[in-house]
Every structure is written in C-alpha cells, then in structure tokens.
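Dear colleague,

I am passing on to you the structure we spoke about, and below it you will find an account of what turned up in it. Please have the structure open while you read.

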Amino acid sequence: MITSTTGPQPADFADVRATNLAVVLRFVREHAPCSRADIAASTGLNKATVSSLVADLIDRRLVRETGLTENRVGRPATMLVLDGSPYAAIGVEINVDTVSAVATDLAGERLLTWRRSFSGGESVNQGMAAVGAIIRRVVNRMAKEERQVLGLAVAVPGLIDVQGTVRIAPNLGWHDADIGGDLAKALRDPGFPVQVDNDANLGALAEQRFGAHAGASDLVYLTGELGVGAGIILDGRLRRGGRGYSGEIGHVQLDPEGPVCRCGRRGCLEAMAGIGAVLRRDPSPAEIQIEIEEVVRLARAGDTGTLGTLGEVGRSLGRGVSILANLLNPEVVILGGYYVPLAPWLLPGVHEEVGSRVIAAEAGGLQVVASTLGYDAAALGGAARVLDSVDSGRLPGGLSRIP
Ligand SMILES: [Zn+2]
C-alpha cells in the first residue's frame with residue numbers, strides 16, 4: 001500500500017454514501033420518471049448499489065415508486081419519481097417596503113406565496129421581529145401540513161459577506177447585522193438552517209432552477225429595484241467572489257460627468273439606469289409600484305417625454321450589460337424587478353448598445369430578456385438555495401425506516 005501525506009485521503013464511507021445518494025436524487029429530479037436501471041446506466045454505479053441507495057431515498061421519502069412501467073425493450077421496470085411531500089423549502093425576500101415569502105416542496109412545486117407590507121426602517125431589531133413573525137406563520141402552516149422544513153434562505157438587498165452577515169443594506173438602513181442569527185433566535189432555534197444572501201444572487205438561483213432559461217450554465221440576473229445588482233452564475237455555479245461582494249454592477253461608472261449616485265460617486269449605472277433614473281428622482285419606496293404603472297401607461301399612450309427617458313435609460317442599461325458580456329460571456333442576461341414591466345421600451349436601447357459594444361460576434365451568443373418569475377423571484381431563489389443544498393448532499397434524515 002502506498003501512503004502519502006499529500007496525496008488523496010481515503011474518503012469516509014458515510015461521505016461516499018451521502019454523495020451517491022445526492023447523485024441519484026439529482027438524476028431522479030432531472031430524468032423522472034426513470035428506472036433503477038436508467039440510474040445505473042447513466043451514473044456508472046452498479047445495480048446493487050443503486051437499489052440500496054434508492055431504498056434509502058424511499059425511506060427518507062425523497063423518492064417514490066409510481067408503479068408505471070417503461071415501454072422499452074426488456075422487462076418492465078418500476079419507475080421512480082421525486083416524492084418530497086413531507087418537506088418544504090422556504091425563501092423570504094426582505095425589501096424596503098415588503099416582505100415576500102415562498103414555500104416549495106422538494107420538487108419545486110409552490111406551496112405558498114405571501115407578500116406583506118413591511119417597514120424595516122426603524123431598527124434592525126424591529127425589522128427582524130416583524131420578519132420573524134411572518135416566518136413563524138409560514139413555518140406553522142408547513143407544520144399543519146405535516147411538512148418538515150428543510151431550510152430557510154432570506155434575500156436582503158445589500159452587501160452580504162460569505163458568512164451571511166449583512167455588511168450594508170443602504171435602502172434598509174442596516175449595517176453589520178447578523179440577520180441569520182437574529183432570525184434563528186426569533187424562531188427559537190428552529191432546527192433547520194437559516195441562510196442570508198444577496199437578493200441578486202438568489203434571483204439568479206431562482207432563474208437557474210425555475211426560470212424560462214432554467215439550466216443555463218452562464219446566466220446573469222439583474223435586479224431592477226431601487227438598486228441594481230447582478231447575480232452571476234458561471235459554469236453552473238453562483239459566483240460570490242472572495243468575500244461575497246461580487247455583482248455590484250450598479251456602481252460601475254458609465255459616465256464621469258454623470259449624475260450623482262446614492263453611493264456618493266458620479267455616473268454609476270444605478271444612477272443612470274436604475275428605477276430612480278426612470279422616474280427622474282429618488283422615489284419613496286411605497287410609491288414606486290404606482291409610479292412605474294404610470295410610466296407604463298404613458299409609454300403605451302406614446303408620450304414622447306416618457307419614451308425619450310426610457311430610450312435613454314435602456315441605452316445606459318445596455319452599456320452596463322455590454323460590460324457584463326465582454327467580461328463574462330453569459331448566454332443570457334435576465335432583467336428582473338421593475339425592469340420587467342418596462343422591458344418592451346428598455347430592450348431596444350439595450351440591444352442597440354450591446355450590438356455595438358460587445359467585441360465578440362453576435363455578442364458572444366448573448367440574449368437579454370425580461371424575467372418571467374415576477375416580483376418574488378428572490379424569495380423563490382431562497383427556496384431554490386435550500387433545494388440546491390439538498391441536491392448537493394445535505395439530505396434530511398430517514399423519517400420512518402422500517403426494520
Ligand atoms: Zn454608485
């Protein structure tokens with residue numbers, strides 16, 4: 001036997017099994033209904049191992065047999081699908097004036113979608129008490145349905161470090177806040193993990209799992225809220241950067257002579273192509289929705305001033321998207337938030353700038369589209385993050401193992 005202090009160490013048996021369980025679970029998620037033989041053929045695991053792993057997943061109620069048979073050459077086989085009926089993943093988005101909550105089952109089917117008005121402005125503690133109360137109601141609802149909560153991920157607009165601490169959330173007035181710890185306390189140590197992430201990152205995860213371009217391995221999601229942030233997925237993985245601060249495209253300078261940004265710098269993308277630029281002032285959060293509806297009405301009516309502003313904002317946005325395209329070569333950039341209702345008037349300007357500024361032919365294959373997920377994309381992304389952690393091997397324990 002050759003031993004080495006630097007070479008690969010023998011993997012722990014439990015780790016190998018957990019990894020293989022996750023491999024089988026992901027295969028069933030992507031290919032259901034499928035048979036044990038399909039799993040063995042595609043994963044390279046032998047049939048006895050697959051049978052044992054599937055038995056374990058059935059015990060954990062993550063997978064179930066459908067009784068269907070496949071209609072191919074050879075013996076009919078029992079088909080497998082995701083079960084997950086006893087589980088729930090919860091995502092929450094905290095925004096300036098609303099809290100959204102989404103719960104899904106293991107297969108990603110929506111169980112609940114709530115939106116509540118919220119004023120988090122006074123203090124972090126008051127804000128967390130209000131958010132905690134909403135989450136407790138969601139958790140109680142899941143308990144009534146006899147579902148075990150697999151986890152909770154909370155989206156916050158701001159700089160969130162890799163540990164999940166909110167370093168600065170300017171629009172909420174929060175800084176250096178351990179929201180995850182506060183929420184775990186407010187939920188009285190709930191027995192499931194509580195994660196905190198940036199709203200753009202979770203929006204990107206929602207698109208990757210549930211959006212019209214689900215499965216795209218190189219995708220950027222742009223929030224179109226008061227701030228503009230990018231959630232970046234490259235080679236199939238969310239890219240947070242060294243300390244978690246990637247994606248601050250909103251503060252890339254487009255014009256040194258441009259308008260002053262809320263960050264104090266001049267000519268940032270956010271100042272030239274954020275919602276404030278559309279409305280031509282910093283609006284009060286509670287009024288944004290109504291004001292955007294008015295902009296849409298005026299644009300539909302052909303109001304020249306409105307069309308001029310939207311054209312200009314679209315071109316500024318296009319310059320920002322061109323930077324992303326030259327730097328990252330994404331397949332798709334997805335416009336979220338308030339960009340969605342404005343997309344018909346923004347996209348022509350975006351395409352014009354992308355066409356002239358991206359050096360690669362055909363903009364490197366880039367498509368720019370509006371999100372189809374609606375205003376709760378980041379909350380849905382919270383649920384997606386929980387499901388991602390199950391897919392990568394953090395499986396809930398066996399519920400009712402029969403001896
Ligand atoms: Zn700025």
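Four donors count as tetrahedral if all of the angles among them lie between 85 and 135 degrees. In this model, which is predicted, the four donor atoms of the zinc ion make angles of 105 to 119 degrees, so the site falls within those limits and is tetrahedral. For comparison, the ideal angle for four tetrahedral donors at a metal is 109.5 degrees.

The donors themselves are ND1 of His-251 together with the SG atoms of Cys-261, Cys-263 and Cys-268, which coordinate the zinc ion at 2.0 to 2.4 Å. Along the sequence these donor residues follow the spacing H-x9-C-x1-C-x4-C. Two of them, His-251 and Cys-263, are 12 residues apart, and both sit in the loop between β14 (237–238) and α7 (269–273). His-251 is partly exposed, with a relative accessible area of 29%, and Cys-263, at 30%, also counts as partly exposed.

The strand β14 that precedes this loop also belongs to an open sheet of five strands with mixed pairing, whose order is β14-β13-β12-β15-β16. Its edges are formed by β14 and β16 (367–370), each of which pairs on one side only. Within the sheet, β12 (residues 219–222) and β15 (residues 332–335) run parallel and are joined by four bridges, with Val-220 standing opposite Val-333 of β15. Helix α6 (residues 199–210) lies across β12, β13 (230–234), β14 and β15, and runs at about 45 degrees to β13.

With best wishes

Definitions and conventions
Residues numbered from 1 in each chain as written. Predicted model: local features only at pLDDT ≥ 70, side-chain atom pairs only at ≥ 80, totals over all residues. Heavy atoms only, no water. Donors = N, O, S within 2.8 Å, 3.2 Å for Na, K, Ca; no water. Tetrahedral: all angles 85-135°; square planar, octahedral: opposite > 155°, others 65-115°. Helix = DSSP H or I, 4+ residues; strand = E, 2+ residues; numbered from the N terminus. Buried < 20%, exposed > 50% of the residue type's maximum accessible area, 1.4 Å probe, protein only. Pairing = 2+ DSSP bridges. Contact = heavy atoms within 4.5 Å. Axes fitted to C-alpha atoms, helices over the stretch in contact; angles between N-to-C directions.
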